[in-house]
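Got the viewer open and a selection box ready? Here's a short walk through the structure, one pick at a time.

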Amino acid sequence: MKTLMYRAIELSIENVLNGRGGPFAALVAKENEIIAMGTNLVTPTNDPTAHAEIVAIREACKKLNHFQLTGCEVYASCEPCPMCMAAIYWARPARVFYANTREDAARIGFDDSFIYDQLQLPTDRRSIPTVQLMRREALVAFRRWESKTDKIRY
């Protein structure tokens, strides 16, 4: 475990030194073997979802040819943000290890507390207006999904 976390930490330091993004890295391992690695690539890719955990999960799923990380572990150099935790839950690894805390990240300018606070508010009270439209029309897709006999559940 420590060897894998050391590698994630090394990657986070390398990412800062080479100027490719924020001080975050993650890797996905299975049976102590690294399946995929990722670093924060938000600024060089202009992709706000290119967090280290997301990058590593995408790569691991490609390599494993599956949308779930059953039996895998995620090693992150920092406690995953809300977006990354959601992706981790959808990917269903066996466990997650992290080094720095979200409080450590907040102290250097990566504060996710605003997002945690916003998610707890009713949609009409959030700082980004969230408005429901055309529910009746959209439910058609859900009804078709419900009746589909050959769907792959996830």
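Start by selecting Arg102: with a relative accessible area of 35%, Arg102 is partly exposed, because that label covers values between 20% and 50%. Keep in mind as you click around that this is a predicted model. Arg102 sits in helix H5, which covers residues 102-107. Show its contacts and, leaving out residues up to four places away in sequence, you'll find Arg102 touching Glu79, Phe110 and Tyr116. Now add Cys81 to the selection: Arg102 and Cys81 are 21 residues apart in sequence, yet 7.5 Å apart in space, C-alpha to C-alpha.

Next stop, the strands. Select S3 (72-78). Seven of the seven residues of S3 are buried, so the strand is largely enclosed by the rest of the structure. On one pairing, S1 and S3 run antiparallel and are joined by five bridges; pick Val28 and you'll see that its bridge partner in S3 is Val74. On another pairing, S3 goes with strand S4 (residues 95-100), in the parallel sense this time and over five bridges. Here, pick Tyr75, which stands opposite Phe97 in S4. Then trace the backbone from S3 through H4 to S4: this β-α-β crossover is right-handed.

Now for the hydrophobic part. Select Phe24, Ala26, Val28, Ile57, Ala60 and Leu69: among the 22 residues of the largest nonpolar core, these touch the most other members. Strands S1 (25-30), S2 (33-39) and S3 (72-78), along with helices H3 (52-64) and H4 (82-91), each supply at least two residues of this core. Which element gives the most to this core? Colour H3, which gives six residues. Apart from this core lies another one, of seven residues, including Ala8, Leu27, Ala29 and Tyr75.

Zoom in on Leu69. Setting aside neighbours within four places in sequence, Leu69 is in contact with Val28, Ile57, Ala60, Cys61, Leu64, Ala91, Arg92, Pro93 and Ala94.

Last pick: Glu53, in helix H3. Is Glu53 buried or exposed? Glu53 is buried, yet has no salt bridge. Run a distance to Arg58, the nearest side chain of opposite charge, and you get 11 Å. What does Glu53 touch, then, not counting residues up to four places away in sequence? Select Ala26, Ala76, Cys78, Pro80, Cys84 and Ile88, and you have its contacts.

Key. Residues are numbered from 1 along each chain as its sequence is written. This is a predicted model: local features need pLDDT of at least 70, side-chain atom pairs count only at pLDDT 80 or more; totals for chains, interfaces and linings use all residues. Side-chain values use heavy atoms; hydrogens and water are left out. A nonpolar core is a set of buried Ala, Val, Leu, Ile, Met, Phe, Trp, Tyr and Cys residues joined through side-chain atoms within 4.5 Å. Buried means under 20% relative accessible area, exposed over 50%, partly exposed in between (1.4 Å probe, protein chains only). Helices (H or I, at least four residues) and strands (E, at least two) are DSSP runs, numbered from the N terminus. Contact means heavy atoms within 4.5 Å. Two strands pair if DSSP finds at least two bridges between them. A crossover is right-handed if, with the strands pointing away from the viewer, the path from the first strand over the helix to the second runs clockwise. Lys and Arg count as positive and Asp and Glu as negative; His and the chain ends are not counted. A salt bridge is a side-chain nitrogen of Lys or Arg within 4 Å of a carboxyl oxygen of Asp or Glu.
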